[in-house]
Every structure is written in C-alpha cells, then in structure tokens.
Amino acid sequence: MSGSEASAPALVWFRNDLRLADNPALAAALEGGYTPIPIYIHAPEEGGDWRPGAASDAWRHRSLAALDSTLRQRGTQLRHFVGPSLVTLQAVVAATGAEAVFWNRRYEPAFERRDARIKQTLRGQGIRVESFNSALLFEPWTLQTQQRGPFKVFTAFWRAALASWRTEPCLPAPGAIAAWEGGPEGVPLAALRLRPQRDWDGGFWKEWSPGEAGAHQMLEIFIEGALRGYDGQRDFPGRVGTSRLSPHLHFGEIAPWRVASALEAQRSAASGRDIDSALRELGWREFAHHLLHHFPHTPERNFNPRFDDFDWARIARDRLEAWQRGNTGVPIVDAGMRELWHTGWMHNRVRMVVASYLTKHLRYHWRHGARWFWDTLVDADLANNTLGWQWVAGTGADAAPYFRVFNPLTQAEKFDADGHYIARWVPELASLPAPLRLAPWRDATTSRRLAPGYPEQPVVDLAAGRDAALDRYRKLRAD
DNA sequence: CAGTAATTTTT
DNA sequence: AAAATTACT
C-alpha cells in the first residue's frame with residue numbers, strides 16, 4: 001500500500017466505536033488494501049424516540065475531537081457530516097470513488113433497521129459493504145438456550161457465555177494511515193452542535209476524559225486500584241470502588257474484550273473473586289444488549305406484559321421534579337440524583353435505589369425514570385438503561401419477587417453508613433451528625449436548625465410508599 | 001416433566 | 001426464615 005499508486009478508498013463509518021485499537025472495521029479497510037476515509041455522520045433523528053440526550057452529546061463532542069486528533073497524528077483525519085446517513089454515504093462514495101464501506105454494528109432497534117437498509121441499498125449499487133462486531137464479547141445471535149431461544153435469565157446466560165468463551169483478538173492501533181485527498185471535506189465538528197448551549201457541563205470534565213486515551217487510562221487506574229477488593233467495595237458509592245468505564249464502553253472508546261483480557265491478565269496478581277465479579281458486570285452489559293436485540297420493544301413496553309395493567313400513579317409535575325433535582329427529602333436518593341446532575345454519572349448501587357424510589361414509592365412508570373437517565377447520563381445506553389429500569393420496576397426479564405422494594409434508609413445504612421457520599425452531594429446535610437444525615441426527619445428540630453432548606457419530610461413516606469406499592473403489586477397478582 | 005436455582009431485598 | 005415466580009436443564 002506504500003507504493004506509488006494510490007489504493008482505492010474505503011469509507012470507515014465511525015459510530016459508537018470511537019477508537020483506533022481493536023477496531024475491526026478500520027482494520028478490515030487497512031487489511032483490504034484500501035485507503036480509509038474516516039467519517040462520522042450526525043443524524044440524531046435516526047435514533048427515533050431515543051435521539052441522544054444532552055449529556056451524551058457533550059461527551060460525544062469531546063470523544064470525536066479526540067478521535068480526530070489521534071487520526072491526524074497518523075496522517076489522516078475525521079470528516080464530519082450532517083445526515084441523513086444513507087444519502088451522506090452515497091454522496092461521499094460518489095465524490096471519492098470509494099469502493100467499499102465498513103462499519104461496526106449497533107444493536108438498538110432503530111439502528112439495526114437503518115443499517116440493514118443502508119447495507120442492502122449500497123450493495124445493490126455495487127459497493128462492497130461489511131459490518132463487524134466492536135461492541136460486545138458475544139453478539140446476540142451467538143448464544144442461545146438449548147431450545148434455541150434467547151436467554152431471559154442472567155445466570156444461565158452468563159454460564160453459557162463463560163462456557164463458550166471466544167472473544168475477538170486484541171488489535172493494536174494502526175500506525176501511519178495514508179490520507180485520502182479530495183472528496184467532500186464535510187463540516188467542522190462545531191457544526192454538529194453537540195456542545196451544550198449553556199455551560200452546564202463544566203463539572204463533568206474534572207471527572208472524565210472522553211476518548212480512547214482516557215478510556216485506556218481509566219482501565220489502567222481500575223486494574224491498579226479498585227480491582228483489588230472490587231467484589232466487596234463496588235457497592236459503596238462514597239468509595240472509589242468501581243471501574244467507571246461505562247461511558248467509555250458505551251462510545252466504544254475501548255473494546256469490552258480489551259477490558260476482559262486486562263482482567264484475565266490479573267489472575268495471578270488479584271483475587272479470582274474480584275476478577276470474576278468484574279467480568280460479571282461486563283456480562284450484565286452483554287445480557288442487556290442481547291435482550292434489546294431479541295426484544296426490541298422493551299425500551300417502550302414492559303418485558304413482562306402482565307405489568308401492562310399495573311396501576312402506576314398519575315404524574316405530579318412537582319414530585320417528578322423533586323426526584324429529578326434531588327429534592328425528595330430522602331438523602332441517599334437526593335445525593336444520587338445530584339451526583340447525576342453534576343457529573344453525568346451515578347454509582348450503580350444508587351441508581352437502583354433512586355429507581356426503586358421512583359417506581360415503587362412514587363409509583364411512577366419506569367419510563368419516566370428511564371427518560372431522565374437517558375437525557376442526563378454520559379453513559380446513557382439504550383440496552384443497559386432499559387434492562388436496569390425494568391429490572392428495578394420488576395417488569396423485566398427476571399422472575400422478580402414483587403416485594404423487592406429497596407428501603408432507601410437501609411441501603412444508606414448499609415452502603416453509606418458514615419454519610420460521606422450524602423454529604424458530598426447534599427452539602428446542606430453535611431453539618432448534621434452522620435446518623436441524622438441519613439434520615440433527617442428523625443429529629444426535625446435539629447435538622448431544621450443545622451440543615452435549613454432541606455425538606456423536612458420525604459415527598460413520600462418510606463413505610464407508606466412501600467405498603468402502597470406492595471398493595472398494587474399484590475392486586476396484579478390476583479388475576 | 002420434575003427438579004433446581006435464582007433474586008444487586010425486605011422485615 | 002419467609003415472602004413468588006419463572007427459566008432452564
């Protein structure tokens with residue numbers, strides 16, 4: 001390919017695979033002897049009801065900038081376009097004489113449909129089109145029960161996955177990449193308007209470094225740090241106990257098999273329990289993607305249709321807003337919601353707690369919570385978000401006991417006993433003694449004095465909320 | 001078809 | 001220790 005005659009160009013269409021290492025589509029273009037033309041197409045409306053939210057856009061802006069800069073270091077660059085995707089691909093193919101288009105697959109229903117149509121159309125026009133796996137350890141059609149159906153139970157799913165462990169090989173990032181001169185340049189990144197209009201995301205970037213380098217750094221930090229003790233520590237939101245890889249994985253800045261192999265490489269240095277536990281979390285991510293592929297209606301509708309008749313409460317604007325803004329009067333819930341608002345991320349344990357409070361105590365349909373998370377999380381991911389919310393609401397794949405209602409106080413006592421996490425995100429509670437910090441309503445006088453402005457009572461009383469929820473769940477069971 | 005296992009919980 | 005239900009083998 002280094003000869004004097006230029007090789008034919010191929011488009012490498014970047015989507016949620018914003019990396020150069022472990023990128024099968026890019027590797028295929030290079031191996032095929034093509035000159036890659038890296039492109040990104042902004043077409044948010046093609047996500048249907050799930051066009052990316054503001055936090056996601058803010059992350060993507062930075063991740064695209066990082067990708068472009070690493071491509072430039074190698075001699076080429078990323079061209080940005082504003083969609084629609086098919087029309088754009090056709091135009092760029094026509095203008096550059098590209099002979100092939102390569103991309104890595106996505107599994108969201110809207111994108112599966114779109115990509116199938118694009119693939120068929122382009123092939124019909126005589127263009128070579130290939131898609132690859134970049135996002136998963138196991139693609140949804142590679143694992144099935146012995147009855148040849150999709151798994152609906154995580155444990156069985158993960159057992160089968162471990163038994164047939166075969167993941168993609170780790171590929172180093174390519175060195176120099178020849179540039180293709182000519183053809184449409186596209187628009188500047190800024191023209192995609194992914195950046196927030198107002199500067200509300202300032203707090204994010206102290207915590208996060210979007211892009212492939214940031215992803216690998218985060219993995220390194222995890223392997224060197226929180227992996228030891230992960231199994232026991234990952235549930236404590238006030239400690240650095242998790243990998244914090246979720247946004248990096250969502251945008252494909254790092255391959256899941258790269259993470260898995262880095263974990264496996266620690267077998268002699270870290271405990272098997274911690275490693276297995278971390279791998280299992282990757283497994284939940286896999287499971288979520290499989291479920292979304294096989295049950296594409298679940299972002300909208302209950303996985304378990306029995307719940308279609310469930311008696312959700314009518315939304316009261318101010319109550320929903322109290323939850324969104326972290327003003328419910330339940331400290332662990334408010335801490336989580338404010339962490340989300342300030343950093344674009346929330347600890348997983350707390351996600352379960354706030355989701356339970358919304359769907360059980362407030363008895364609001366899980367889709368209101370799913371929507372808020374979608375708009376505010378930097379790791380917003382349709383598969384993970386859908387599984388998570390349906391799991392907590394009890395409408396999901398698991399045979400959930402209807403009485404699984406998280407008690408936010410018990411959760412706080414177990415996982416934030418010293419109230420450090422709460423104090424960090426709800427500073428007006430910081431001057432309360434720790435036990436009261438978890439439940440300020442226990443001493444209204446002291447709380448009023450030391451934490452003025454914080455709600456004196458939860459919007460929904462913990463015991464009453466639980467009872468009311470159980471009541472409705474029982475009712476559902478009756479018929 | 002029956003037995004097993006599960007489920008990041010609660011009181 | 002018990003609350004309940006389902007998937008999977």
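In this predicted model, a polar side-chain atom of Gln411 lies 3.0 Å from a phosphate oxygen of DNA strand B. That contact is a convenient point of entry, and the surroundings of the strand can be read outward from it. A phosphate oxygen of DNA strand B is also 3.0 Å from a polar backbone atom of Asn407, and another contact of this kind involves Lys414, where an N or O atom of the side chain is 3.5 Å from a phosphate oxygen of the strand. Thus Gln411 and Lys414 approach phosphate through their side chains, whereas Asn407 does so through its backbone.

These residues belong to a wider surface. DNA strand B is surrounded by 17 residues, and the closest are Thr155, Trp284, Met352, Val405 and Asn407. Two helices each supply at least two residues of this surface, namely helix H13, covering 348-361, and helix H16, covering 408-415. In composition, the surface near DNA strand B consists of 8 nonpolar, 5 polar and 4 charged residues. Which parts of DNA strand B account for the atoms within 4 Å of the protein? Sugar or phosphate contributes 72% of those atoms, and bases contribute the rest.

The second strand, DNA strand C, has 12 residues around it, with Gln147, Lys152, Tyr402, Phe403 and Arg477 coming nearest. Of the atoms of DNA strand C that come within 4 Å of the protein, sugar and phosphate account for 71%. The surface near this strand is made up of 7 nonpolar, 3 polar and 2 charged residues. Several contacts to phosphate involve the protein backbone. A polar backbone atom of Lys152 is 2.5 Å from a phosphate oxygen of DNA strand C. For Val153, a backbone N or O atom lies 3.3 Å from a phosphate oxygen of the strand, and a backbone N or O atom of Gln146 likewise lies 3.3 Å from one.

From the DNA, the description turns to the protein as a whole. Chain A has 20 helices and 5 strands. Its radius of gyration is 24 Å, close to the 23 Å that the globule rule gives for 479 residues, so chain A is as compact as a globular protein of that length. The C-alpha trace spans about 80 × 50 × 50 Å along its principal axes. Of the 479 residues in chain A, 55% are buried.

One part of the chain carries an annotation. An unreviewed UniProt entry places the feature "domain: Photolyase/cryptochrome alpha/beta" at residues 8-137. In the model, the chain over residues 8-137 is 43% helix and 22% strand, and its end C-alpha atoms are 32 Å apart.

Salt bridges number 23 in the model. One of them joins Arg72 to Asp68, with the closest N and O atoms 2.9 Å apart. How far apart in sequence are Arg72 and Asp68? The two are separated by 4 residues, about one turn of the helix, and both lie in helix H2, residues 54-73. Their exposure can be placed against the cut-offs, by which buried means under 20% relative accessible area and exposed means over 50%. Asp68 has 12% relative accessibility and therefore counts as buried, while Arg72 has 47% and therefore counts as partly exposed.

In another salt bridge, the side chains of Glu130 and Arg128 meet at 3.3 Å, N to O. Glu130 is partly exposed, with a relative accessible area of 27%, and Arg128, at 36% relative accessibility, also counts as partly exposed. Arg267 pairs with Asp276, the closest N and O atoms being 3.0 Å apart. Here Arg267 is partly exposed at 37% relative accessibility, and Asp276 is partly exposed at 40%. Elsewhere, salt bridges link Arg15, Glu46, Arg114 and Asp115 in a network.

A final site concerns a loop. Val330 is found between helix H11, residues 317-325, and helix H12, residues 331-343, in the loop that separates them. Is Val330 buried or exposed? With a relative accessible area of 2%, Val330 is buried. Although Val330 and Pro458 are 128 residues apart along the chain, their C-alpha atoms are separated by 5.5 Å.

Definitions and conventions. Residues are numbered from 1 along each chain as its sequence is written. Chains are lettered from A and ligands numbered from 1 in the order in which they are written. This is a predicted model: local features need pLDDT of at least 70, side-chain atom pairs count only at pLDDT 80 or more; totals for chains, interfaces and linings use all residues. Side-chain values use heavy atoms; hydrogens and water are left out. A residue is near a molecule or strand if one of its heavy atoms lies within 4 Å of it. A polar contact is a pair of N or O atoms within 3.5 Å; within protein, one must be able to donate a hydrogen and the other to accept it, and residues adjacent in sequence count only if both atoms are side-chain atoms. Ala, Val, Leu, Ile, Met, Phe, Trp, Tyr, Cys and Pro count as nonpolar, Asp, Glu, Lys and Arg as charged, and the others, Gly among them, as polar. UniProt positions are given in the numbering used here, feature names are shortened, and annotations may be inferred rather than shown by experiment. A salt bridge is a side-chain nitrogen of Lys or Arg within 4 Å of a carboxyl oxygen of Asp or Glu. Buried means under 20% relative accessible area, exposed over 50%, partly exposed in between (1.4 Å probe, protein chains only). The radius of gyration is taken over C-alpha atoms; the globule rule is 2.2 Å times the number of residues to the power 0.38.
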